[in-house]
Amino acid sequence: MSNAAFSVESMGDTARRRCVELAVSVSGWQKVIHGSERDARGRLAAAIYDVQGGDAAMRFSLCGRGDKIMRGGGQTRVKPCKCGSRFCARCSRYKGLSHAKRAKAHLSAREHGHVSHVVLTQRVRKAETWREAVKRWDRTWRQFWRQVKRRGDVVGGLLTIHVTWSRFGGWHAHGHLLSETNGAPDGRAWDEFWTLARRRTGDDGELEPLFIRQVCEPGPALVFGKGEGDLWTEGQDQVANALEYPLRDVVSGVRNEQLHEVPADRLLEWVGGAKGVQMHRRLGAWVKPVAVEDDGEGTSTDGEAAVVVEREMGTVDDVIARARAGQREAVLLLRELEACCRNDGVVAKRLVAIVRWAIGG
Ligand SMILES: [Zn+2]
């Protein structure tokens, strides 16, 4: 199978082909939550079929088709029906967002310190497997973090490992760290620690400097906007908003549009090798939950709040189709959904676009 010309016909046995067909024939709502990159979804479904079997591939292909619109307690929300796959754009994003939620809880529970965004890269080795690239990065990270912690100014942090495909071939593992420190981090020292650690794990020659950028200065407890997951609204607190976006970027999961160039055998190598690898880690004080985090009310998208009686209004795709056909209630539902989604993220933009299309406005 070539990575340039993907065709369903070349997808082998009937069950396997069915999974791939479903993965590439994305519904309107699936386009909103996964993006419209059909090729990557089809090839991923095939790889998942080969490594994890037909059930996992089918779940992956159908992720989002069962999402329902719920109304009740004065709010309209989407109840996601997730596939849970780490290779799924939506589900890997949700996984990351659960860590981001914890980070936000810490930053909104008390005065916060300096928050910085740090990117820790390593050189790409073409022949290295996905797993080897991540393991090597991890060895470097452990050495680096030991040095940083020894300096004693770290309060907490959230680390996410991203692995992208290099345009020269090979997996590029790198880490995004959002750190909270008491004083401003000593960029020169951190850069030295990272360079030294990289040399120990095999990167030589001239190494590019560490990317380290301040996201915000110390300040009072932050007030984030409402909602979570894909449906959320920016709040009044400028600093919290300025932090929300890099935080979401840091924890972002699989991006289908970045998988174009990955050859089929390397995609298979990823799906086969990713098991058990932790892509997100909370650090320092951010490891533990904040006491006030879980007794909040009303904003949970998981529908745990027992007092709210909700009514199921149909699958999102269903409501979109009904709105398209001019049904008033469906139009109203989509408008309500759009109103819960006031932000500048890519999912929000796709949601707004499909709502406009469905209600013809
Ligand atoms: Zn999924």
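**Strand and helix packing, group meeting**

Okay, let's start in strand 2, where M70 has R77 as its bridge partner. Strand 1, residues 68–72, and strand 2 run antiparallel and are joined by 5 bridges. When I say strands or helices, I mean DSSP runs numbered from the N terminus: helices are H or I with at least four residues, strands are E with at least two. Strands count as paired if DSSP finds at least two bridges between them.

Quick caveat: this is a predicted model, so local features need pLDDT of at least 70 and side-chain atom pairs count only at pLDDT 80 or more, while totals for chains, interfaces and linings use all residues. Numbering starts from 1 along each chain as its sequence is written.

Back to the sheet. It's open, 3 strands, order 2-1-10, with antiparallel pairing. Strand 2 (75–79) and strand 10 (311–315) are the edges, each pairing on one side only. Twist averages 25° from one strand to the next; axes here are lines fitted to C-alpha atoms, for helices over the stretch in contact, and angles run from 0 to 180 degrees between N-to-C directions.

So what packs on this sheet? Helix 10, residues 316–324, does, touching strands 1, 2 and 10, at about 75° to the direction of strand 10. Helix 11, residues 328–339, touches strands 1, 2 and 10 as well, at about 85° to strand 2. Touching means C-beta atoms, placed from the backbone, within 7 Å.

Elsewhere, strand 3 (114–121) runs antiparallel to strand 5 (171–181), with 8 bridges, and H114 stands opposite T181. Strand 3 also has 5 bridges to strand 6, residues 211–216, again antiparallel.

Note on methods
Contact = placed C-beta atoms within 7 Å.
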